[in-house]
Amino acid sequence: AMQRRATVTADEFNPKNVAKLLWALAKMGKRADQGLLEAIQRRATATAREFEPQEVSNVLWALAKMGEKVDPGLLEAMQR
């Protein structure tokens, strides 16, 4: 239920919301469903310039911990 709701509202997330959601899923040993993963990476890419360094770290750690591939566009956006 949480993942479905987050998928629907992902466009409203700020960088802190993105980082905390992914971090929490990874910390609990969960994997994001494909729809959520796509929506949240799309949102992270769109707001990449607003991320604090710790939020970038949390996002990348969480995706790695969940065994997910990081979208190349997200990596490029976060390097700016």
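Me: Before we look at the helices, what makes two residues count as being in contact?

Reply: Contact means that heavy atoms lie within 4.5 Å. This is a predicted model, in which local features need pLDDT of at least 70, side-chain atom pairs count only at pLDDT 80 or more, and totals for chains, interfaces and linings use all residues. Residues are numbered from 1 along each chain as its sequence is written, and side-chain values use heavy atoms, with hydrogens and water left out.

Me: Which residues of α2 and α4 meet under that contact rule?

Reply: On the α2 side they are P15, K16, V18, A19, L22, W23, A26 and K27, and they meet E55, N58, V59, W61, A62, L63 and K65 of α4. By class, this contact has ten nonpolar, one polar and four charged residues. Here Ala, Val, Leu, Ile, Met, Phe, Trp, Tyr, Cys and Pro count as nonpolar, Asp, Glu, Lys and Arg as charged, and the others, Gly among them, as polar. The helices themselves are DSSP runs (H or I, at least four residues), numbered from the N terminus.

Me: How is the packing of α2 on α4 described?

Reply: Their axes come within 8 Å and cross at roughly 35°. Axes are lines fitted to C-alpha atoms over the stretch in contact, with angles from 0 to 180 degrees between N-to-C directions.

Me: And what about α2 with α3?

Reply: Those axes come within 10 Å and cross at roughly 145°. V18, L21, L22 and L25 of α2 meet L36, I40, R43 and A44 of α3, and these residues divide into seven nonpolar, no polar and one charged.

Me: Why is E68 called buried?

Reply: Its relative accessibility is 15%, and buried means under 20% (exposed is over 50%, partly exposed in between, with a 1.4 Å probe and protein chains only). E68 therefore counts as buried.

Me: How do you know that E68 and R31 form a salt bridge?

Reply: The rule asks for a side-chain nitrogen of Lys or Arg within 4 Å of a carboxyl oxygen of Asp or Glu. The closest N and O atoms of E68 and R31 are 2.9 Å apart, so the pair meets the rule. E68 lies in the loop between α4 (53-65) and α5 (72-78) and R31 in the loop between α2 (15-27) and α3 (34-46), so the pair ties together parts that are 37 residues apart in sequence. The count by this rule is one salt bridge.

Me: Which contacts does I40 make beyond its neighbours within four places in sequence?

Reply: I40 is in contact with A10, F13, V18, L21 and L22.

Technical notes
Helices (H or I, at least four residues) and strands (E, at least two) are DSSP runs, numbered from the N terminus.
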